[in-house]
Amino acid sequence: MDGKDLGFNDMRSGDVLLFEDVTGAKTHFAIAVGQSVFSHRSNASSNVTHAGLYDGGGSIMESSGAAGLRSMKLVEKHHGYKFQVYRHSNKSISMASVSWAAKLINERPS
């Protein structure tokens, strides 16, 4: 894969974050085991248990179980996780993704 490594301080609005839980949480452990079991046909395996979209202002937009679609400060999400940052080469696609996610969060019923 081409491109440079992106870190926590390099993130821009629209970057995709893939998380690996290293806290030992049972839910995320079960997700990783399930991925391992069901990906055997494709020889793919991953410890990634969660994904989110960086909003550019210090928060991540994510879908999370009972909480549904939400925005959460990345500082709170950062501890206990390893993560990978990916950036789309087309900035307008990244910005549209953030706009749509924010709209869905704001229009979510209480």
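Mentor: Welcome! Let's start with one definition: a residue is buried when its relative accessible area is under 20%, exposed when it is over 50%, and partly exposed in between. Keep in mind that this is a predicted model.

Trainee: Is Ala96 buried or partly exposed, then?

Mentor: Ala96 has a relative accessible area of 36%, so it counts as partly exposed. You will find Ala96 in helix H3. Its C-alpha lies 8.1 Å from that of Gly14, although Ala96 and Gly14 are 82 residues apart in sequence.

Trainee: How should I read the confidence, and which helix has the highest mean pLDDT?

Mentor: Where pLDDT is low, the predicted coordinates should not be read in detail. For this protein the mean pLDDT is 77, with 66% of the residues at 70 or more. Among its elements, helix H3 (residues 91–106) has the highest mean, 92, and helix H1 (residues 26–38) the lowest, 60.

Trainee: Let's stay with helix H3. Which residues does Ser94 contact, beyond its neighbours within four places in sequence?

Mentor: Ser94, which also sits in helix H3, is in contact with Ser13, Gly14 and His88. Ser94 counts as buried because its relative accessibility is 5%, below the 20% cut-off.

Trainee: Now for the strands. Where is Leu17 found?

Mentor: Leu17 belongs to strand E1, which covers residues 16–21. With a relative accessibility of 0%, Leu17 counts as buried. Setting aside residues up to four places away in sequence, Leu17 touches Met11, His50, Ala51, Gly52, Tyr54, Ile60, Leu74, Phe83, Gln84 and Val85. You can also look at Met61: the C-alpha atoms of Leu17 and Met61 are 9.9 Å apart, while 44 residues separate the two in sequence.

Trainee: And how do I read aromatic rings? How many aromatic pairs are there?

Mentor: A pair of aromatic rings is described by the distance of the centres and the angle of the planes. Here the count comes to one aromatic pair. The ring centres of Phe19 and Phe83 are 6.2 Å apart and the planes meet at 45°, so this pair is tilted. It links distant parts of the chain: Phe19 is in strand E1 and Phe83 in strand E5 (residues 81–86), 64 residues apart.

Trainee: Is Phe19 buried or exposed?

Mentor: Phe19 counts as buried, because its relative accessibility is 0%. Its partner Phe83 is at 22%, so Phe83 counts as partly exposed.

How values were computed: Residues are numbered from 1 along each chain as its sequence is written. This is a predicted model: local features need pLDDT of at least 70, side-chain atom pairs count only at pLDDT 80 or more; totals for chains, interfaces and linings use all residues. Side-chain values use heavy atoms; hydrogens and water are left out. pLDDT is the predictor's confidence in each residue, from 0 to 100. Helices (H or I, at least four residues) and strands (E, at least two) are DSSP runs, numbered from the N terminus. Buried means under 20% relative accessible area, exposed over 50%, partly exposed in between (1.4 Å probe, protein chains only). Contact means heavy atoms within 4.5 Å. Rings of Phe, Tyr and Trp (its six-membered ring) pair if their centres lie within 6.5 Å; planes under 30 degrees apart count as stacked, over 60 as edge-to-face and the rest as tilted.
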